[in-house]
Amino acid sequence: MYCNILTQKEHPKYRAVKKMVKILLEFVEADCIYFSESDVEQKIGIMTVVISRESQHYYDDVNDHLWKVIENHKEFVFCFFNRDCIKDELKRGNLFFIFHCKETELIYKNSGQKAVLDIRNLKMKKLLKQTRKRYSMWASESNTIGRDFRHHNRNENHLMALYVLQQQFRYLFINASWLVKGEWTPHQSISYQQKYIGEFNSCIGNTFDLNNEKEKRVLEKIDYACNEVQWGEKAESLDAETVNYTHEKLEWMRKEVHVIFGEKIEKVKEIFKNHGNR
């Protein structure tokens with residue numbers, strides 16, 4: 001059963017979204033599909049697919065199963081979850097589903113299935129308490145790791161100073177990804193982390209501008225430092241300029257992630273208010 005914009009042929013995104021829904025349903029068994037607007041200019045929007053319990057593919061495996069579809073339709077961002085995952089993540093304060101799985105975003109529902117959430121049945125204070133707890137956990141990890149930076153930097157141990165910054169970046173990206181994407185990757189590479197979040201947030205996804213040769217080289221050196229410390233892969237020589245530049249970027253990103261966090265909290269309060277649920 002189609003819902004919302006897929007019943008409105010005059011909607012400017014009707015054709016593209018309906019075509020994408022048909023393609024998805026050819027390859028996966030879905031209980032519900034949601035469509036939401038994207039903050040990234042190049043994207044038509046976000047397709048959040050709730051995989052059925054009867055599906056032969058677990059929601060974690062769907063990306064691999066649909067890799068060709070995803071590769072050929074980069075104008076969309078795809079997210080795959082199942083009901084159990086959504087239920088557990090809401091208990092942990094995950095706000096992604098509040099923004100992207102409301103009734104207004106529902107565009108397809110399998111016969112006999114219910115929508116995945118009803119905001120009127122959620123307790124906002126309890127939800128946001130868990131959100132703040134999770135956000136603070138990742139922020140604390142980043143800050144704790146950073147305690148060693150001054151020592152290494154003062155002793156001109158550029159490798160270890162850069163490695164500490166790399167680990168701090170990793171937790172900042174994890175925190176940001178969880179806030180805007182609803183999931184995160186444990187990957188060690190900061191290049192990978194930046195690309196991972198880029199489809200959802202062009203600002204954080206462009207922390208290091210890959211079109212800027214200096215920033216591209218700094219990003220490479222950050223990952224080199226991690227590989228040398230963790231795997232013994234000899235990196236090229238590092239200098240104080242690279243360390244200081246990376247540290248400035250880290251402080252900028254820390255502020256940006258905190259701004260995102262604050263904005264998400266306020267938007268959720270507004271959504272609950274509009275639903276008459278405080």
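Modeller: A residue is called exposed when its relative accessible area is over 50%, buried when it is under 20%, and partly exposed in between. The model we are reading is a predicted one.

Biologist: Why is E156 called exposed?

Modeller: E156 has a relative accessibility of 61%. The cut-off for exposed is over 50%, so E156 counts as exposed. E156 is found in the loop between helix 7 and helix 8. Its phi is near 60 degrees, a positive value in a residue other than glycine.

Biologist: N157 is in the loop between helix 7 and helix 8 too. What class does N157 fall in, by its relative accessibility?

Modeller: N157 stands at 31%. Partly exposed covers the range between under 20% and over 50%, so N157 counts as partly exposed. As for its place in the model, the C-alpha atoms of N157 and S52 are 52 Å apart in space, and 105 residues separate the two in sequence.

Biologist: What makes D31 count as buried?

Modeller: Its relative accessibility is 4%. Buried needs a value under 20%, so D31 meets the rule. D31 lies in strand 1.

Biologist: Which residues does D31 touch, leaving out those up to four places away in sequence?

Modeller: D31 touches V50, I51, S52, R83, Y108, K109, N110 and Q113. Each counts as a contact because heavy atoms come within 4.5 Å.

Biologist: How do you know that F78 is buried?

Modeller: F78 has a relative accessible area of 9%, and the limit for buried is under 20%. F78 is therefore buried. The place of F78 is in strand 3. With residues up to four places away in sequence not counted, F78 touches M20, L24, M47, I70 and H73. Its C-alpha atom is separated by 6.0 Å from that of T48, 30 residues apart along the chain.

Biologist: Why is the pair of F78 and F80 called stacked?

Modeller: Their ring centres are 6.4 Å apart and their planes are at 5 degrees. Two rings pair if their centres lie within 6.5 Å, and planes under 30 degrees apart count as stacked. Both values fit, so the pair of F78 and F80 is stacked. Both residues are buried.

Biologist: How many aromatic pairs does this rule find?

Modeller: The count comes to 13.

Biologist: What makes F35 and F76 an edge-to-face pair?

Modeller: The centres of these rings are 6.5 Å apart and the planes are at 75 degrees. Edge-to-face requires planes over 60 degrees apart, so the pair of F35 and F76 is edge-to-face. F35 lies in strand 1 (residues 30-36) and F76 in strand 3 (residues 76-82), so the pair ties together parts that are 41 residues apart in sequence. Both F35 and F76 are buried. Ring pairs link F35, F76, F78 and F80 into a cluster.

Biologist: Turning to the helices, why are helix 8 and helix 9 called roughly parallel?

Modeller: Helix 8 (residues 158-181) and helix 9 (residues 190-198) pack at an angle of about 15 degrees, with axes 10 Å apart. Roughly parallel means an angle under 35 degrees, so the term applies to helix 8 and helix 9. Their crossing is left-handed. Among the residues in contact are F169, F173 and V180 of helix 8 and I190, Y196 and I197 of helix 9. By class, this contact has eight nonpolar, four polar and two charged residues.

Biologist: How do you know that helix 6 and helix 8 are roughly antiparallel?

Modeller: The axes of helix 6 (residues 124-145) and helix 8 cross at roughly 170 degrees and come within 7 Å. Roughly antiparallel needs an angle over 145 degrees, so helix 6 and helix 8 qualify. Residues of helix 6 including Y135 and W138 meet residues of helix 8 including Y171 and W178. The residues of this contact divide into ten nonpolar, six polar and two charged.

Biologist: And helix 6 with helix 11: at what angle do they pack?

Modeller: Helix 6 and helix 11 (residues 240-274) pack at about 175 degrees, with axes 11 Å apart. Set against the limit of over 145 degrees, that makes helix 6 roughly antiparallel to helix 11. The contact includes M124 and L127 of helix 6, and F261 and F272 of helix 11. By class, it has nine nonpolar, four polar and three charged residues.

Key
Residues are numbered from 1 along each chain as its sequence is written. This is a predicted model: local features need pLDDT of at least 70, side-chain atom pairs count only at pLDDT 80 or more; totals for chains, interfaces and linings use all residues. Side-chain values use heavy atoms; hydrogens and water are left out. Axes are lines fitted to C-alpha atoms, for helices over the stretch in contact, and angles run from 0 to 180 degrees between N-to-C directions. Helices (H or I, at least four residues) and strands (E, at least two) are DSSP runs, numbered from the N terminus. Angles under 35 degrees count as roughly parallel, over 145 as roughly antiparallel, 65 to 115 as roughly perpendicular and the rest as oblique. A crossing is left-handed if the near helix is turned anticlockwise from the far one by less than a right angle, and right-handed if clockwise. Ala, Val, Leu, Ile, Met, Phe, Trp, Tyr, Cys and Pro count as nonpolar, Asp, Glu, Lys and Arg as charged, and the others, Gly among them, as polar. Rings of Phe, Tyr and Trp (its six-membered ring) pair if their centres lie within 6.5 Å; planes under 30 degrees apart count as stacked, over 60 as edge-to-face and the rest as tilted. Buried means under 20% relative accessible area, exposed over 50%, partly exposed in between (1.4 Å probe, protein chains only).
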